[in-house]
Amino acid sequence: MPTPITAIELGRDVSSTVYFDGSIDEVLIFEEALSSDEVYQLSGDYTPEGNYTTVMYNASSKTFWSNVYWSADLPDGTNMTVQFQTSDNDTDWSDWSSEFSDSGSDLTSIGNATVIKAKINLYTNDTHYAPALDVFNIT
């Protein structure tokens with residue numbers, strides 16, 4: 001027989017005082033572990049599009065950004081693009097660049113800058129499938 005749980009803490013590592021810095025929505029608690037198929041059935045479909053903005057990377061001096069490379073799992077009907085913002089002072093940022101859709105794309109159009117950050121845009125035409133980024137590199 002499993003040991004009864006006397007308290008449940010969500011959003012905190014119970015072995016420390018580190019708390020989750022974000023939002024938790026729609027918590028479900030089950031009497032047993034669910035299979036991946038059961039979790040998928042509960043989760044519903046993927047959203048048609050979403051994005052992730054990286055933290056800024058500071059090169060410490062004005063840098064010529066030459067190429068962007070990535071490896072991603074892109075099932076049929078999914079796509080991924082990348083946009084960039086640059087700055088020389090961490091405060092005044094350029095507008096987002098046009099979208100780059102190919103790994104290995106030439107970044108000369110974004111110019112030279114000290115600081116750079118990327119926005120990774122993920123798209124799907126079939127909400128049963130989602131793209132997944134594995135590796136991302138700017139040179």
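Analyst: In this predicted model, a strand is a DSSP run of type E with at least two residues, and strands are numbered from the N terminus. Tryptophan 96 lies outside such runs, in the loop between S4 and strand S5 (105-106).

User: Why is tryptophan 96 called partly exposed?

Analyst: The relative accessible area of tryptophan 96 is 28%. Partly exposed covers the range between the buried limit of under 20% and the exposed limit of over 50%, so tryptophan 96 belongs to that class.

User: Which residues are in contact with tryptophan 96, leaving aside its neighbours within four places in sequence?

Analyst: They are Thr53, Gln83, Phe84, Gln85, Lys117, Ala118 and Lys119. For one of these, lysine 117, the C-alpha to C-alpha separation from tryptophan 96 is 9.6 Å, with their positions 21 residues apart in sequence. A contact is judged on heavy atoms within 4.5 Å, so the C-alpha separation does not by itself decide it.

User: What makes threonine 86 buried?

Analyst: Threonine 86, in strand S4 (residues 78-87), has a relative accessibility of 11%. Buried means under 20%, and threonine 86 therefore qualifies. Beyond four places in sequence, threonine 86 touches Asp92, Trp93, Ser94, Ile110, Ala113, Val115 and Ile116.

User: How is valine 135 classed, buried or partly exposed, and on what value?

Analyst: Valine 135 has 48% relative accessibility and counts as partly exposed, because the exposed class requires over 50%. Valine 135 is part of strand S7 (residues 132-138) and touches Tyr69, Trp70 and Ser71 once residues up to four places away are set aside. The C-alpha atoms of valine 135 and tryptophan 70 are 5.2 Å apart, although 65 residues separate them along the chain.

User: What makes the phi of serine 60 notable?

Analyst: Its phi is near 75 degrees, a positive value in a residue other than glycine. Most residues other than glycine have a negative phi. Serine 60 sits in strand S2 (residues 57-64) and, with a relative accessible area of 66%, is exposed, since the limit is over 50%. Aspartate 90, in the loop between S4 and S5, also has a positive phi, of about 65 degrees, and is partly exposed at 33%.

User: How do you know that glutamate 38 has enough accessible area for a surface patch?

Analyst: Its relative accessible area is 35%, and patch residues need over 30%, so glutamate 38 passes that test. Glutamate 38, in helix H1 (residues 36-43), forms a negative patch with Glu31, Glu32 and Asp37.

Methods
Residues are numbered from 1 along each chain as its sequence is written. This is a predicted model: local features need pLDDT of at least 70, side-chain atom pairs count only at pLDDT 80 or more; totals for chains, interfaces and linings use all residues. Side-chain values use heavy atoms; hydrogens and water are left out. Helices (H or I, at least four residues) and strands (E, at least two) are DSSP runs, numbered from the N terminus. Buried means under 20% relative accessible area, exposed over 50%, partly exposed in between (1.4 Å probe, protein chains only). Patches are made of residues with over 30% relative accessible area and no salt bridge: like charges are joined within 9 Å, nonpolar side chains (Val, Leu, Ile, Met, Phe, Trp, Tyr) within 5 Å. Accessible areas come from the Shrake-Rupley method with a 1.4 Å probe; for residues, only the protein chains shown count as cover. A salt bridge is a side-chain nitrogen of Lys or Arg within 4 Å of a carboxyl oxygen of Asp or Glu. Lys and Arg count as positive and Asp and Glu as negative; His and the chain ends are not counted. The place of a charge is taken as NZ of Lys, CZ of Arg, CG of Asp or CD of Glu.
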